Amino acid sequence: MSSVPESFDPSIERDALRRPIDLATVAADVGRRGVAAVGFWLAVFLPVTYPPLLAGGLAGSEGALFAGLLAANALALVAGHGHRQPSTGRD
């Protein structure tokens, strides 16, 4: 004879189906926070590269490089806009 459970518990099946969705949600959230953090710090540190370029003048391809850095900084600002530092509990 086969062993058949006497009662069917649908919550066990729902939990088994929900687990992969929860994992994907957590992974997407971690990825989103990582992109925001990298974007934030790029937006902070990319402007450090401006003064040396501007001091030497924007001759030749340096104008295109400066425009690319400005565009990268704008993208970093957008990507890092939602970045938040974790609270320290001293609020």
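Tutor: Let's start with a word we'll need all the time: a residue is buried under 20% relative accessible area, exposed over 50%, and partly exposed in between (1.4 Å probe, protein chains only). Keep in mind that this is a predicted model, where local features need pLDDT of at least 70, side-chain atom pairs count only at pLDDT 80 or more, and totals for chains, interfaces and linings use all residues. Residues are numbered from 1 along each chain as its sequence is written, and side-chain values use heavy atoms, with hydrogens and water left out.

Student: How confident is the predictor in the chain?

Tutor: The score is pLDDT, the predictor's confidence in each residue, from 0 to 100. Its mean over the chain is 79, and 70% of the residues reach 70 or more. Helix 1 (residues 10-45) has the lowest confidence, at a mean of 78, while helix 3 has the highest, at 92.

Student: What makes up the secondary structure of the chain?

Tutor: Three helices and zero strands, running α-α-α from the N terminus on. Helices (H or I, at least four residues) and strands (E, at least two) are DSSP runs, numbered from the N terminus.

Student: How do you know what span to expect for helix 3?

Tutor: The rule is 1.5 Å times one less than the number of residues. Helix 3 covers residues 62-80, so 19 residues, and the rule gives 27 Å. From first C-alpha to last, helix 3 reaches 26 Å, close to that expectation.

Student: Which residues in helix 3 are buried?

Tutor: F66, L69, N73, A76 and G80. They span an arc of only 80° around the axis (taken from the directions from the helix axis to the C-beta atoms), so they sit on the same side of helix 3. On the other side, A64, L75 and V78 are exposed.

Student: Why is N73 called buried?

Tutor: Its relative accessible area is 7%, and the cut-off is under 20%, so N73 is buried. Contact means heavy atoms within 4.5 Å. Leaving aside neighbours within four places in sequence, N73 touches A43, L46, P47 and Y50 in that sense.

Student: And why is R84 called exposed?

Tutor: R84 comes in at 61%, and exposed means over 50%, so the label fits. R84 lies in the segment after helix 3. R84 and R33 are 51 residues apart in sequence, yet 8.8 Å apart in space, C-alpha to C-alpha.

Student: What makes up the largest nonpolar core?

Tutor: Five residues: L46, Y50, L53, F66 and L69. Helix 2 (50-55) and helix 3 each supply at least two residues of this core. A nonpolar core is a set of buried Ala, Val, Leu, Ile, Met, Phe, Trp, Tyr and Cys residues joined through side-chain atoms within 4.5 Å. Y50 shows how the burial test works: at 14%, Y50 is under 20% and so counts as buried. F66 passes too, also at 14%.

Student: How many aromatic pairs does the structure hold?

Tutor: Three. One of them is W41 with F45, at 5.9 Å centre to centre and 20° between the planes. Rings of Phe, Tyr and Trp (its six-membered ring) pair if their centres lie within 6.5 Å; planes under 30 degrees apart are stacked, over 60 edge-to-face, and the rest tilted. The W41 and F45 values meet the distance limit and the stacked limit, so this is a stacked pair. Both residues lie in helix 1, four residues apart, about one turn of the helix.

Student: Why is W41 only partly exposed, and F45 exposed?

Tutor: W41 has 41%, which falls between the two cut-offs. F45 has 51%, just over 50%, so F45 is exposed.

Student: What makes the Y50 and F66 pair edge-to-face?

Tutor: The centres are 5.3 Å apart and the planes differ by 70°, which is over 60, so the pair is edge-to-face. Y50 in helix 2 and F66 in helix 3 are 16 residues apart, linking distant parts of the chain.
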